Amino acid sequence: MATTTLPRAAGYTRSSIYEWLTTTDHKKIGIMYVTTAYIFMLLGGLLALGIRADLWTATSATGSSLIPAALYNQLFTMHGTTMIFFFVMPMLAGFANYVVPLQIGAADMAFPRINALSFWIIPFSGILLFSGFLLGGAASAGWTSYAPLSEAKYSPGIGQDLWILGLLFNGMSSILGAINLLVTIFKLRAPGMTMLRLPIFVWTVLVTQVLLVFAVPVLASGLAMLFIDRNYGGSFFDPAAGGDAVLWQHVFWFFGHPEVYILILPAFGVISEVIPVFSSKPLFGYKAFILATAAIGILGFGVWAHHMFATGVVFLAFFSATTFLISVPTGVKMFNWVATMWRGKLRFRPPMLFAVGFLISFLIGGLDGAFSASTPVDFDITDTYWVVSHLHYVLFGGSAMAIMAATYYWFPKMFGRMLDDRLGRVHFWLMFIGLQLTFFPMHLLGLAGMPRRIAEYAPTAWQPLNQVATIGAFTIAASMLPFLWNIFTTLRRPADQPDDPWDAYTLEWATTSPPPPYNFDQLPALHSERPVFDLKHGPHGGAPVAVPVAVSGGGPA
Amino acid sequence: MFRARRAPLRLLLALLATVLVLGGCAQASYDNPVPGALPIPAVTETGAMANDLYRFVLVIATIIFVLVEGLIIFAVLRYRRRKGDDGLPVQTHGNLYFELGWTIVPFLIVIVLFVLSYQVQTKVDARSANPGLTVDVTGFQWQWTFDYKDQGLSFTGQGKTGPEMVLPTNTVVHIRLHSNDVIHSFYVPAFFFKRDVIPGVDNAFDITITNAGTYTGQCAELCGIGHADMRFSVRALAPADFTAWVAQAQEAAKNTPSPPPSGPAPSGATVITESAASAAAFDKKDLEAPANTPFVIAFSNTSPPGVPHNIAIQNPAGGDFLFNGQPLTQPGQTVNYTVPALPPGTYTFICIVHPTTMTGTLTVK
């Protein structure tokens with residue numbers, strides 16, 4: 001391979017804990033992001049198991065459910081909040097942190113210290129959020145925290161205030177991270193890394209950061225208003241004092257729908273890295289894919305009120321049309337991925353298994369979303385288990401499957417060790433089957449009229465499918481065991497992986513596994529979006545070339 | 001050649017029909033609906049249209065689902081790398097015509113879906129100038145009140161099944177939605193419709209029910225710890241039966257006692273006090289009363305507007321309540337409920353409007 005490890009600079013040694021606590025290395029920060037996000041995923045998953053355990057049995061008119069409603073409402077509120085803000089967002093931020101500077105041939109992020117700050121905010125804001133459980137009850141007004149239910153009059157506990165503060169800090173971390181990544185992508189690309197040679201993952205991260213910069217401040221303003229309402233006698237959202245209850249929903253969803261794309265676009269990016277590599281082909285329609293990503297980013301700001309069709313106070317036709325429209329660029333991507341596999345030579349290693357699992361599941365999440373774009377249909381299915389199914393097919397079948405693919409794909413780069421394939425396959429099949437068992441039946445429950453967020457249900461006809469979903473949820477939980485065992489045992493083995501164990505395409509595979517501080521001592525010449533492929537097979541048949549890092553940009557910051 | 005190509009299409013349609021039939025059967029009971037691939041059959045004019053729209057979207061979605069999942073599975077099976085085959089496959093970077101095709105065709109499909117949706121939406125949202133009946137619905141934590149103002153009737157939900165809304169079939173019914181506290185949502189699956197009940201917003205909709213029967217409904221917007229308790233039902237009657245029901249209900253309303261005086265309690269009896277500042281709990285969870293003699297509970301409702309309460313004492317042996325304080329105490333009122341003599345023991349008392357959240361223990365000795 002064209003690169004070698006830089007000789008370590010002679011210097012003082014530090015304890016490794018001190019090193020990790022004070023590091024500004026984007027790779028270490030990325031690994032800490034990913035680890036933190038996995039811890040929150042396990043916490044959020046435990047909350048979900050509580051929800052599913054409660055729904056195992058139908059409750060007769062006289063009986064009471066396993067978990068009292070007061071606690072049940074905390075479980076699903078904290079489950080949603082944790083999975084969205086403390087699992088998927090930091091996870092994708094973590095992979096972006098680790099991978100983007102490597103993929104663009106940079107030595108680090110543009111602002112390494114701000115990078116460390118934006119990471120360290122996450123665990124602290126998470127602790128703030130979760131401390132509600134110990135301080136008289138966590139937030140319980142749903143992850144959407146609709147006013148006036150989230151006002152002090154109806155949710156008097158401190159849990160709701162901690163929720164607001166946790167998300168405000170979380171949002172601050174997102175904005176700092178977004179600006180950092182934007183500057184990194186715009187200013188620190190290696191010579192020759194033009195915008196149209198950026199790996200698709202970098203493109204999706206780029207569009208996501210733009211969405212973050214525009215959407216998160218809107219949420220922050222809403223949170224601040226709610227905090228003022230609750231603590232300083234404001235009345236932004238309290239109709240009893242002249243406020244407007246629907247205003248919160250507009251503010252929340254003006255953030256909330258772009259948020260959906262914030263959670264899924266980098267996942268698209270991961271899939272667009274994995275499928276080409278494991279098919280031994282380039283991504284089919286690279287430019288169309290970038291165009292589709294940008295189109296989703298723009299349209300994503302014009303669909304927010306499709307969450308509010310049943311309020312009766314939004315312009316139905318406009319939001320119905322934009323919601324239908326946004327399915328077109330998403331569909332384009334689906335076809336691009338399938339065409340990438342077409343006539344390829346597919347290798348079913350764990351990253352590819354999860355990527356195919358993503359395709360199969362995300363397609364369902366895309367198709368059942370089209371029903372909600374149709375307003376008369378949405379009037380029935382909104383706020384039922386249909387929507388619960390839809391959002392989990394997108395966020396679990398989509399984002400979480402892609403996160404698993406990313407974990408298996410970049411693990412050898414991060415640690416120089418390869419996760420075990422056999423355990424990876426067990427993990428995949430348990431998780432994939434669990435996902436379908438848990439979330440597919442929810443469509444049918446929604447059509448049968450089961451509203452979401454109810455601590456108990458009376459119709460016994462709903463019980464069998466709820467039990468299937470509960471079995472599915474515990475299957476997903478079981479899939480974590482081979483996964484965690486795999487990580488545990490692999491990290492105890494020696495780091496013996498080559499630079500490019502997957503026969504991959506992008507620049508992170510041109511340096512050692514794990515990469516040295518500041519990433520590269522020399523970079524290959526850049527002729528396309530697949531520099532490492534070009535290096536191995538020659539750009540358009542040409543001979544491989546390498547340029548020393550001295551002439552490349554992105555030196556130590 | 002032509003015939004050979006049709007076989008898979010026919011197979012696909014047959015498969016589709018099977019899925020729809022299998023999924024759509026056995027929806028007989030509206031209070032215990034069996035989940036399937038089709039929604040509960042709608043019993044309103046507009047609900048039936050929306051139901052058809054759902055079926056249409058389902059057919060399109062199923063075709064795309066079968067097509068794309070089929071392509072994925074085919075690619076996975078057909079193009080897996082054989083052992084020892086290390087050559088590079090053809091490096092296809094794209095194909096303009098294919099890419100235009102899978103942009104334009106979905107675009108046309110969503111335009112069709114949008115136009116069809118829009119047409120149905122206009123009908124669902126249509127308002128009649130002369131509705132045959134108007135019902136005012138008030139949602140509050142965690143019950144419903146149905147007011148028939150023109151008929152002088154009002155029903156507040158009690159117990160876990162909530163109130164019943166009796167409506168005539170084949171008549172345009174105008175339903176107005178009000179809330180004084182948080183957001184609720186009026187959802188009847190058999191109407192294939194819901195509309196949010198938002199404080200400060202005057203929402204309304206019109207429906208015409210086509211089938212007589214009883215249909216369950218419940219709140220569909222998270223509204224606090226009693227959210228799952230906000231159930232109600234709709235009983236649709238033929239217009240003549242409905243007129244008879246109105247007369248009967250008006251007669252029954254005349255015969256219920258008028259609100260008891262909130263003045264002084266009957267002399268001699270022991271008076272104990274209780275109050276409720278919200279629907280989440282009674283202010284005092286433990287009450288004590290003398291045995292074997294009638295006593296008075298002076299109950300003050302200090303909850304927000306629109307939230308009535310009462311006190312009902314459960315029979316420890318099960319069955320009917322030993323005492324069910326009527327009428328309900330409205331916010332701002334204090335009502336003296338005179339409870340008949342009880343033998344010594346421990347009793348559970350509840351608010352009949354909030355049976356899950358508002359409970360307490362009455363010790364009689």
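These are my notebook entries on a predicted model with chains A and B.

**Confidence**

I checked the pLDDT of chain A before anything else. The average is 92, and 93% of the residues score at least 70. The pLDDT drops below 50 over residues 541–545 of chain A, a stretch with five contacts in the model beyond near neighbours in sequence. I found another such stretch at residues 547–557 of chain A, where pLDDT stays under 50 and the model has 30 contacts beyond four places in sequence. I'm reading both tail-end entries with that in mind.

**Where A meets B**

Next I looked up the interface. I get 79 residues of chain A in contact with 76 residues of chain B. On the chain A side, H3 (69–103), H7 (245–279), H8 (286–299), H9 (316–341), H10 (350–373), H11 (375–381) and H13 (421–447) each supply at least two residues. Which helix gives the most? It's H9(A), with 15 residues. By class, the side of chain A that touches chain B splits into 54 nonpolar, 16 polar and nine charged residues.

**The nonpolar core**

I went looking for the largest nonpolar core and found one of 279 residues. The residues with the most contacts inside it are Ile271(A), Val274(A), Ala355(A) and Ala405(A). I then followed Ala355(A): leaving out residues up to four places away in sequence, Ala355(A) touches Ile271(A), Val274(A), Ile275(A) and Ala405(A). A general reminder to myself: in soluble globular proteins, nonpolar side chains tend to be buried together.

**Asp521(A)**

I picked out Asp521(A), which sits in the loop between helix H14 (463–491) and strand S1 (522–524) of chain A. Buried, exposed or partly exposed? Asp521(A) comes out partly exposed, because I count 17 other C-beta atoms within 10 Å and buried would take 20 or more. I also took the C-alpha separation from Asp521(A) to Leu437(A): 49 Å, for two residues 84 apart along the chain.

**Chain B overall**

Chain B has four helices and 18 strands. Of its 365 residues, 37% count as buried. For contacts in chain B with a separation of 6 or more, 67% are between residues 24 or more positions apart.

The domain assignment cuts chain B into domain 1 (2–79 + 94–124), domain 2 (133–255) and domain 3 (270–364). Where domains 1 and 2 of chain B touch, 13 residues come from domain 1 and 14 residues from domain 2. The domain 1 side of that contact has seven nonpolar, four polar and two charged residues.

**Two bits of strand pairing in chain B**

I traced an open sheet of five strands in chain B, ordered S12-S18-S17-S14-S15, with mixed pairing. Its edge strands are S12 (286–289) and S15 (323–324), each pairing on one side only. S14 (residues 312–313) is joined to S15(B) by two bridges and the two run antiparallel. In that pair, Ile313(B) stands opposite Phe323(B).

Then I turned to S13 (residues 295–301) of chain B, which runs antiparallel to S16(B) with six bridges joining them. Ser300(B) has Thr334(B) in S16(B) as its bridge partner. What lies on the covered face of S16 (residues 334–339) of chain B, and what on the uncovered one? Val335(B), Tyr337(B) and Val339(B) are covered, whereas Thr334(B), Asn336(B) and Thr338(B) make up the uncovered face. The general rule I had in mind is that side chains in a regular strand alternate between the two faces of the sheet.

Definitions and conventions. Residues are numbered from 1 along each chain as its sequence is written. Chains are lettered from A and ligands numbered from 1 in the order in which they are written. This is a predicted model: local features need pLDDT of at least 70, side-chain atom pairs count only at pLDDT 80 or more; totals for chains, interfaces and linings use all residues. Two residues are in contact if their C-beta atoms, placed from the backbone, lie within 7 Å. Ala, Val, Leu, Ile, Met, Phe, Trp, Tyr, Cys and Pro count as nonpolar, Asp, Glu, Lys and Arg as charged, and the others, Gly among them, as polar. Domain bounds come from an automatic or database domain assignment. A nonpolar core is a set of buried Ala, Val, Leu, Ile, Met, Phe, Trp, Tyr and Cys residues joined through C-beta atoms within 7 Å. A residue is buried if 20 or more other C-beta atoms lie within 10 Å of its own, exposed if 12 or fewer, and partly exposed in between; C-beta atoms are placed from the backbone. Two strands pair if DSSP finds at least two bridges between them. pLDDT is the predictor's confidence in each residue, from 0 to 100.
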